[in-house]
Amino acid sequence: MTASPGGPSGQGADTAPRAATADTAAPQPNGRQRARRTGLLLLALAVVLVGLGYLVWKLWLSPPTETTDDAYVAGDVVAITARDSGTVTAILADDTQRVRAGQALVDLDPATADVDLAAAAARLGQAVRSVRGDTSQVHTALASVRASEIALARAEADLKRRRQAVVSGAISAEEAAHAADAVKSAAAAVDVARNQLTVARTRVEGSSIVTNPAVQAAIAEYRRAAIRRSHMHLVSPIDGTIAKRSVQVGQQVGAGMPLMAVVPLDQLWIDANFRETQLADLRVGQPVTITTDIYGDKVTFHGKVEGLGAGSGNAFALLPPQNATGNWIKVVQRVPVRIALDRAELASHPLRIGLSTTVTVDTADRSGSPLGTMASRPIATQPSLSPDVEGEIRAIIAANAGSAGNLGNRP
């Protein structure tokens, strides 16, 4: 019997050609795929080489640095406070406004201070005139001494004549006795006049009108009144920007009450809080690069290490930690490091107190001090006593002294 094409024999004959066709049609890697694989391998190799190069540069070739982002802009906040009580009559500067040193900020009602100053001027003039009167008493007492001495000499001469007359019998002894009593009275008058001269000289002896203690006390009182009068007009001690104004017109303020603050934005610095494990290589004078959140990486500030803090922040906290009591957990401490900024860079890109920064200190040069610099930058304020006050005092003395000159000197 002959097998049909659709039988088992036919099926086996068809399977072999189909398998051969499938093997022939299997996909083979072409040139594009091989190039892609090669490119990926080269890219991975390049990334590895770059990473190794950066690691080598970072660990062995780059200069040593210390970096922290726990750093903030700091500066002086000069408080403007009332030195004497008074009522606010004018506010001449407000928040965000810039002021110059000596520029008026707040005025207080000067009425009471003006009255006190006028009273002190009157007392100074009265003291000068009193010294002039004491000087006149010296001259009066001196004249009294001379008059009493003349009277004593006359009484003594009269007594001498009467005694001679008694010897000759021209007068009685009783009249000679009366003459002797007159001599004693004249001598007593001389003693009284001399004591009065001593008392008068004690008040003015060894001093001029200006140096007399009574006049000096009056001058000090006038200066005190002038100082209080100057406290009614508050001025800025430095150049800066007004902040924290809390005073209002018409408000009654007391001595020591804060009214506003002046911040010199051209004298800012950075307080960078480094971990204690980063402090070993930090030295004064090391260069620093600073980036700020306000300007980002577009602006880089440059500065230098100015000093290291005297202790960690916890040591100066209001409630310092008591590590000797209770359970103790070691925490890495941070120490503030002050970094001075370039004023030219501050002028072109102003900063504000409290802004966040990131600082990087180049610690390659370790020749500087690990402590801080010696104090050299003075922070001063305006004097309370104006130079015009001394001129006013001289004018008051001259007006009341007349042509006395140094009448306080001993005649």
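On one side of helix 5, Pro213 and Arg224 are exposed, where exposed means over 50% relative accessible area, buried under 20%, and partly exposed in between (1.4 Å probe, protein chains only). Helices (H or I, at least four residues) and strands (E, at least two) are DSSP runs, numbered from the N terminus. The model is predicted: local features need pLDDT of at least 70, and side-chain atom pairs count only at pLDDT 80 or more, while totals for chains, interfaces and linings use all residues. Residues are numbered from 1 along each chain as its sequence is written, and side-chain values use heavy atoms, with hydrogens and water left out.

The other side of helix 5 holds the buried residues Val215, Ala218, Ile219, Tyr222, Ala225 and Ala226. Seen down the helix axis, these buried residues fall within an arc of 125°, so they line one face of helix 5. The arc is that of the directions from the helix axis to the C-beta atoms. Helix 5 covers residues 213-230, and at 1.5 Å a residue its 18 residues should span 26 Å; the end C-alpha atoms are 26 Å apart, which agrees. The expected span is 1.5 Å times one less than the number of residues in the helix.

Helix 7 can be read in the same manner. Its 15 residues (387-401) should span 21 Å at 1.5 Å a residue, and the end C-alpha atoms are 22 Å apart, which agrees. Buried in helix 7 are Val389, Ile393, Ile396, Ile397, Asn400 and Ala401. Around the axis they cover an arc of only 120°, which puts them on the same side of helix 7. The face turned away from that buried side carries the exposed residues Pro387, Asp388, Arg394 and Ala399. Just after helix 7 comes glycine 402, with a positive phi of about 65°.

Two other helices each offer a residue to look at. Valine 138 is found in helix 3 (residues 111-168). With a relative accessible area of 1%, valine 138 is buried. Arginine 203 is 65 residues from valine 138 in sequence, yet the two are 9.0 Å apart in space, C-alpha to C-alpha. Leucine 45, by contrast, lies in helix 2 (residues 31-61) and is partly exposed, with a relative accessible area of 46%. Leu42, Leu45, Val48, Leu49, Leu52 and Leu55 make a nonpolar surface patch of about 570 Å². Patches are made of residues with over 30% relative accessible area and no salt bridge; like charges are joined within 9 Å, and nonpolar side chains (Val, Leu, Ile, Met, Phe, Trp, Tyr) within 5 Å. A salt bridge is a side-chain nitrogen of Lys or Arg within 4 Å of a carboxyl oxygen of Asp or Glu. The areas come from the Shrake-Rupley method with a 1.4 Å probe, and for residues only the protein chains shown count as cover.

Now to the strands, where two strands pair if DSSP finds at least two bridges between them. One open sheet has four strands in the order 2-9-7-4, with antiparallel pairing. Its edge strands are strand 2 (78-81) and strand 4 (98-99), each of which pairs on one side only. Strand 2 is joined to strand 9 (residues 258-263) by four bridges, and the two run antiparallel. Threonine 81 has proline 258 of strand 9 as its bridge partner.

Another open sheet of four strands follows the order 6-5-3-8, again with antiparallel pairing. Here strand 6 (233-235) and strand 8 (252-253) are the edge strands, each pairing on one side only. Strand 5 (residues 104-108) and strand 6 run antiparallel and are joined by three bridges. In strand 6, histidine 233 is the bridge partner of aspartate 107. Serine 246 sits in the loop between strand 7 (240-243) and strand 8. Serine 246 is partly exposed, with a relative accessible area of 42%. Its C-alpha atom is separated by 5.5 Å from that of leucine 259, 13 residues away along the chain.

Strand 11 (residues 287-292) has a covered face, made of Val288, Ile290 and Thr292, and an uncovered one, made of Pro287, Thr289 and Thr291. Strand 11 pairs with strand 12 (residues 296-308) in the antiparallel sense over six bridges, and the two form a hairpin with three residues between them. Glycine 303 in strand 12 is the bridge partner of valine 288. Strand 11 also pairs with strand 14 (residues 356-362), in the antiparallel sense over five bridges. There, threonine 289 has threonine 360 of strand 14 as its bridge partner.
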